[in-house]
Amino acid sequence: MIFKPAALLVTGGAGFIGSNFIHSFMANNHRCTVTNLDCLTYAGNLKNLTALEGNPNYRFVKGDIGDASLVARLLAEQKIDAVVHFAAESHVDRSITGPEIFVRTNVLGSQVLLEESRKHWQSGSVADFRFLQISTDEVYGSLGTTGYFTEGTPLAPNSPYSASKAGADLLVRAYHETFGMPTLNTRCSNNYGPYHFPEKLIPLLIHNIINKKPLPVYGDGLNIRDWLHVRDHAVAIETVLKKAAPGSVYNIGGNNEWKNIDIVNLVCDLLDERLGRACGENRTLISFVKDRPGHDRRYAIDASRLKDDLGWGPAYTFEQGIAETVDWYLANQEWVAEVTSGAYREYVATQYGGGVS
Ligand code: NAD
Ligand code: DAU
């Protein structure tokens, strides 16, 4: 049976994947209201959502997922029947230099959200309910040269980021097992696409190439990531929310493994052509740097359960998606300039009275 939510609470909807999800979901579900709860860390940017300003079905609330009374009020007032939980600290490098906020947001914040959701669901004020935890393939740890992560692969996180995400996944599992709460859990591979914060590999490369800055490649550049367009991820999440059985876990991925150095070369070459530079010119910017500590060697997702059970598959080819992404960044240099200068924080302050953390 298809679950048709009437009122969604999206957490972290001002970030990269959350904002893409809101655009995609609202375009497909005109009658569902969306409340976006985001505390606007450095990664949250309301400019990602300006197209929705004035939409009566969309509401932004600046607040923390760890604020139990705020979460309880929103769940009750908005008669929320589905929580889609993106809010997190998401950057592995930052988790190495400062793990505390990762535990606070990703573990403790998720627990508050789960607990308030449990009370709301058990109050019986909505006919049906789902809590969808947006997780990552990084909870499975690292692969050797062969094999894939399945939903049965034991959790073996290696970074403070992935450990904090695994902690939240285990709490989600516990809320289903202990209380029977209708939870769902998705674990996706690396996303790319519009509104990606330029601390992450692909947007960082594009930004640095345009500005003729060095392209830092960690270690030997032979680590492998499995890339999926963010809009394919958004559709997969909607599919799981509507069709998956409560308690289930689904991997999301598009069978698209790349060595980091090959991605770097590809983006260099796409931009040689678009920026009118000589063939091979951008590759001279590549700079091999010290490796990330605990750097996972290879991720590769087996998403066959999602395809077999729910019929999802990616719509983008990587060739199309990466070319469109490079073009999006070239066409949205103002967005990139605001993010890199921090000017987007001023926009947030004008909208929300300067209470920006
Ligand atoms: P992001 O860093 O771009 O966005 C995170 C958002 O969460 C920001 O808008 C931020 O302001 C908000 N946030 C952070 N702490 C909060 C708090 N305490 N309360 C309310 N809001 C808070 O992250 P992203 O790349 O869009 O990732 C979104 C989710 O998807 C994360 O849970 C991440 O673990 C998961 N994920 C990401 C990828 C990827 O490739 N980026 C892949 C798989 C899974
Ligand atoms: O796999 C899903 C995960 O993908 C998500 O859970 C994370 O939130 C998301 O940030 C991403 O994590 P990664 O660590 O894989 O992404 P990142 O873009 O930071 O790095 C991708 C690869 O590129 C990784 O092997 C490290 C390498 N890298 C990264 C940066 C920023 C470099 O070589 N140089 C760089 O400057």
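**Notebook: D169, ligand 1 and the cysteines**

Entry 1. I began with the side chain of D169, which is joined to the side chain of Q133 by a polar contact of 3.2 Å. I record at the outset that the model is predicted. A polar contact of 2.9 Å also links the side chain of D169 with that of S135.

Entry 2. I then asked in which helix D169 lies. I found D169 in helix α5. I next checked whether D169 is buried or exposed. Its relative accessibility is 2%, and D169 is therefore counted as buried, the limit being under 20% relative accessible area.

Entry 3. I listed the contacts of D169, setting aside its neighbours within four places in sequence. The residues that remain are Q133, S135, V139, N185 and R187. I also looked up the separation of D169 and L155, which stand 14 residues apart along the chain. Their C-alpha atoms are 9.6 Å from each other.

Entry 4. I turned to ligand 1 and asked how many residues surround it. I noted 28 residues, of which the closest are I17, D38, S90, Y161 and K165. By class, 13 of the shell residues are nonpolar, twelve are polar and three are charged.

Entry 5. I wished to know which elements supply at least two residues of this shell. They are α1 (16-28), β5 (130-136), α5 (160-179) and β7 (190-192). Helix α5 is also the element in which I had found D169. The most is given by β5, with three residues.

Entry 6. I looked up individual atoms facing ligand 1. For S90, a polar side-chain atom is 2.7 Å from an oxygen atom of the ligand. For D64, a polar side-chain atom is 3.0 Å from a nitrogen atom of ligand 1. For I65, the atom concerned is a backbone N or O, at 3.1 Å from a nitrogen atom of ligand 1. I then noted the cover: on its own ligand 1 has 840 Å² of accessible area, and the protein covers 96% of this.

Entry 7. Finally, I asked how many disulfides a search of the whole structure finds. The search returned zero. I looked up the exposure of two cysteines, C39 and C188. C39 has a relative accessible area of 22% and is therefore partly exposed. C188, with a relative accessible area of 3%, is buried.

Note on methods:
Residues are numbered from 1 along each chain as its sequence is written. Chains are lettered from A and ligands numbered from 1 in the order in which they are written. This is a predicted model: local features need pLDDT of at least 70, side-chain atom pairs count only at pLDDT 80 or more; totals for chains, interfaces and linings use all residues. Side-chain values use heavy atoms; hydrogens and water are left out. A disulfide is a pair of cysteine sulfur atoms within 2.5 Å. Buried means under 20% relative accessible area, exposed over 50%, partly exposed in between (1.4 Å probe, protein chains only). A residue is near a molecule or strand if one of its heavy atoms lies within 4 Å of it. A polar contact is a pair of N or O atoms within 3.5 Å; within protein, one must be able to donate a hydrogen and the other to accept it, and residues adjacent in sequence count only if both atoms are side-chain atoms. Accessible areas come from the Shrake-Rupley method with a 1.4 Å probe; for residues, only the protein chains shown count as cover. Helices (H or I, at least four residues) and strands (E, at least two) are DSSP runs, numbered from the N terminus. Ala, Val, Leu, Ile, Met, Phe, Trp, Tyr, Cys and Pro count as nonpolar, Asp, Glu, Lys and Arg as charged, and the others, Gly among them, as polar. Contact means heavy atoms within 4.5 Å.
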